[in-house]
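Work through these short exercises with the structure in view. Try each task before you read its solution.

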Amino acid sequence: MSCRRRSNNSRLTQEEINDLVLKLQSLLPNSSSSNSRVPASKILEETCNYIRMLHSEVDDLSEKLSQLLSSVDTNTVDLVDTLLSLLQQ
C-alpha cells in the first residue's frame, strides 16, 4: 500500500488492512515471528500497551534529565559535553 493520503470517500480493502496489521506487528518487540495467525485486535492491544510503556519511559527519562541538568552549574561546565556524557550512561 502506498503512503499517499486517502480521500474521505475511499476505504481500505481487507488485504490492505491485513498488510498494515502485519507491518504494525513487526514493529512490536517480542512479537510472534512464527507463521501463526494473531488476531488484529490482539496486535492493536499490544501496540497500545507498548505505546503507553514508551510514553512512561520518556517521562521517566525526561524527569531524570531535568534533575541532572538542574544540578549542573552551566557557568563552569560545557552543556553539550554534559549532555553527551549523560546520554552515554
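**Exercise 1: The overall fold**

Read along the sequence, this chain runs α-α-α. The model is a predicted one.

Task: State how many helices and strands the protein chain has.

Solution. Count the helices: there are 3. Count the strands: there are 0.

**Exercise 2: Surface and contacts**

Task: Find what percentage of the residues in the protein chain is buried, and what area the chain exposes.

Solution. Start with the interior. The chain has 89 residues, and 10% of them are buried. Now take the surface. About 7,800 Å² is exposed, with 53% of it supplied by carbon and sulfur atoms. Last, look at contacts between residues at least 6 apart in sequence: 0% of these join residues at least 24 apart.

**Exercise 3: Follow L86**

Task: Decide whether L86 is buried or exposed, and list what it touches.

Solution. Locate L86 first: it sits in helix 3, residues 79–88. Its relative accessibility is 16%. Buried means under 20%, so L86 counts as buried. Next, leave out residues up to four places away in sequence. L86 then touches L65, L68 and L69. Check one partner: L69 is 17 residues from L86 along the chain, and their C-alpha atoms are 9.5 Å apart.

**Exercise 4: A charged patch**

Task: Name the residues of the negative surface patch, then classify D60 by its accessibility.

Solution. The patch consists of E57, D59, D60 and E63. Place D60: it belongs to helix 2, residues 40–70. Its relative accessibility is 46%. That value lies between the 20% and 50% cut-offs, so D60 is partly exposed.

Technical notes. Residues are numbered from 1 along each chain as its sequence is written. This is a predicted model: local features need pLDDT of at least 70, side-chain atom pairs count only at pLDDT 80 or more; totals for chains, interfaces and linings use all residues. Side-chain values use heavy atoms; hydrogens and water are left out. Patches are made of residues with over 30% relative accessible area and no salt bridge: like charges are joined within 9 Å, nonpolar side chains (Val, Leu, Ile, Met, Phe, Trp, Tyr) within 5 Å. Accessible areas come from the Shrake-Rupley method with a 1.4 Å probe; for residues, only the protein chains shown count as cover. A salt bridge is a side-chain nitrogen of Lys or Arg within 4 Å of a carboxyl oxygen of Asp or Glu. Lys and Arg count as positive and Asp and Glu as negative; His and the chain ends are not counted. The place of a charge is taken as NZ of Lys, CZ of Arg, CG of Asp or CD of Glu. Helices (H or I, at least four residues) and strands (E, at least two) are DSSP runs, numbered from the N terminus. Buried means under 20% relative accessible area, exposed over 50%, partly exposed in between (1.4 Å probe, protein chains only). Contact means heavy atoms within 4.5 Å.
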